[in-house]
Amino acid sequence: MMLAKLFVVMCVFWSGWVQAAEYAAVSVPMVPIKVGKHSYYVQGMAGAASSENQGYMSNAGFVVTKDSVLVFDTLGTPSLAAELVKQIRKITPLPIKRVIISHFHADHYYGLQVFKELGAESWAHKNGQGAVDSDAAAERLAQRRETLFPWVDENTRLLPADKWLDGDTDFEMGGLHFQLRFVGPAHSAEDMAMLVKEDGVLYTGDLVFRGRVPFVGDADSKAWLADLQKLVALKPRVMVAGHGAASVKPQADLKFTRDYLTFLRKTMGQAVADLVPFDEAYAHTDWSKYAKLPAFEQANRPNAYNTYLLMEKESLAQ
Ligand SMILES: [Zn+2]
């Protein structure tokens, strides 16, 4: 009798323990897409993070070297990261050794704890230091625990990188050569892109937008343009952005974002120089090249307005 009781207690204890080490499963389909001999990515769904897409609305990449695996970004929940590990395991049993975080936005690093548990070392740009301890990060976590429960819950932890990089960093891993490029402050303060040299595959994080009017927000478009030039110079064959499908014509896509920012700066800069008020300048600008693209209605006018203010600031600083 005593033994049976003990057995039951042990079982409850054991199942509880196993539960704690697991993550709520996701039902969204995740399929690795091969974009180079060693390079893969998984593509999140369109739209904002919601219970429908279970937070799967951003991309993550992974590279299988001779002796190990490198992961680029860790998706928006530990559950999604655990699913990514499962998918990687279908391709290779090699250890996941290193994780690169492109920037500390919830949809790109909430899965980090899963890779840490597997013994991976995480790297990010030093401008991201303190990002996980900020009030904004705590607020975002509380919000995600509501909207993305049970995939983000009380066991979800925001982890910093193990190693903070000072800038551009080249390294070799399992016979492959990686070039990490600091391309911030642009979309965030700490944006990092990564080229897998042998494959010509460039993972850009959220620095590049494809087939839609970019979201400029209050970004510094001058710095952003310089960063895009840096990516063009890497001459990638394939480009995997932080959202959406991979691009097989990266030069054209990089140029698209670059041309758009240049156009905004030129037209709004001229209006500022001529002392033309914003509304008038906006109405008289020929937007036909961009007017038919997705997100034009929502993004173009705010983008132009922010650029107008930025050009005013730049002209005063001269
Ligand atoms: Zn982002």
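**Helix packing and backbone oddities in a predicted model**

Q: At roughly what angle do the axes of helix α6 and helix α7 cross in this predicted model?
A: Take α6 as residues 221-232 and α7 as residues 250-273. Their axes come within 10 Å of each other. The crossing angle is roughly 160°.

Q: So how do α6 and α7 run relative to each other, and what is the hand of their crossing?
A: Angles over 145 degrees count as roughly antiparallel. With a crossing of roughly 160°, α6 and α7 are therefore roughly antiparallel. As for the hand, α6 passes α7 in a crossing that is left-handed.

Q: Which residues of α6 meet α7, and how many residues in the contact are nonpolar?
A: From α6 come S221, W224, L225, L228, L231 and V232. Facing them in α7 are Q251, L254, T257, R258, L261, T262, L264 and R265. Sorted by class, the contact has two charged residues, four polar ones and, for the nonpolar class, eight.

Q: Is L225 buried, partly exposed or exposed?
A: L225 sits in helix α6. A residue needs 20 or more C-beta neighbours to be buried, and 12 or fewer to be exposed. L225 has 16 inside 10 Å, so the label is partly exposed.

Q: Which residues does L225 touch, and how far is L225 from T262, C-alpha to C-alpha?
A: Leaving out residues up to four places away in sequence, L225 touches R258, L261 and T262. L225 and T262 are 37 residues apart in sequence. In space, C-alpha to C-alpha, the separation is 7.7 Å.

Q: How are the axes of α7 and α9 oriented to each other?
A: Helix α9 covers residues 296-317, and its axis comes within 8 Å of the α7 axis. The two cross at roughly 55°. That angle makes α7, relative to α9, oblique.

Q: Which residues of α9 meet α7, and what is the hand of the crossing?
A: On the α7 side, the residues are L264, R265, M268, G269, A271, V272 and A273. They meet N303, A304, T307, Y308, M311, E312 and S315 in α9. The crossing of α7 and α9 is right-handed.

Q: Where are the cis peptide bonds that lead into P150 and P185?
A: P150 lies in the loop between α5 and β7, and P185 in the loop between β9 and β10. Omega is near 5° for the bond into P150 and about -5° for the one into P185. The bonds run from F149 to P150 and from G184 to P185.

Q: What is the phi of K235, and is K235 buried or exposed?
A: K235 is in the loop between α6 and β12. Though not a glycine, K235 has a positive phi of about 50°. With 11 C-beta neighbours inside 10 Å, K235 counts as exposed.

Q: What about A295: what is its phi?
A: A295 is in the loop between α8 and α9. Having 15 other C-beta atoms within 10 Å, A295 is partly exposed. A295 isn't a glycine, yet its phi is positive, at about 75°.

Q: Over which residues does pLDDT stay under 50?
A: The average for the protein is 91, and 93% of the residues score at least 70. The stretch in question has zero contacts beyond four places in sequence. Where pLDDT is low, don't read the predicted coordinates in detail. Here, that stretch is residues 11-20.

Conventions. Residues are numbered from 1 along each chain as its sequence is written. This is a predicted model: local features need pLDDT of at least 70, side-chain atom pairs count only at pLDDT 80 or more; totals for chains, interfaces and linings use all residues. Axes are lines fitted to C-alpha atoms, for helices over the stretch in contact, and angles run from 0 to 180 degrees between N-to-C directions. Helices (H or I, at least four residues) and strands (E, at least two) are DSSP runs, numbered from the N terminus. Angles under 35 degrees count as roughly parallel, over 145 as roughly antiparallel, 65 to 115 as roughly perpendicular and the rest as oblique. A crossing is left-handed if the near helix is turned anticlockwise from the far one by less than a right angle, and right-handed if clockwise. Two residues are in contact if their C-beta atoms, placed from the backbone, lie within 7 Å. Ala, Val, Leu, Ile, Met, Phe, Trp, Tyr, Cys and Pro count as nonpolar, Asp, Glu, Lys and Arg as charged, and the others, Gly among them, as polar. pLDDT is the predictor's confidence in each residue, from 0 to 100.
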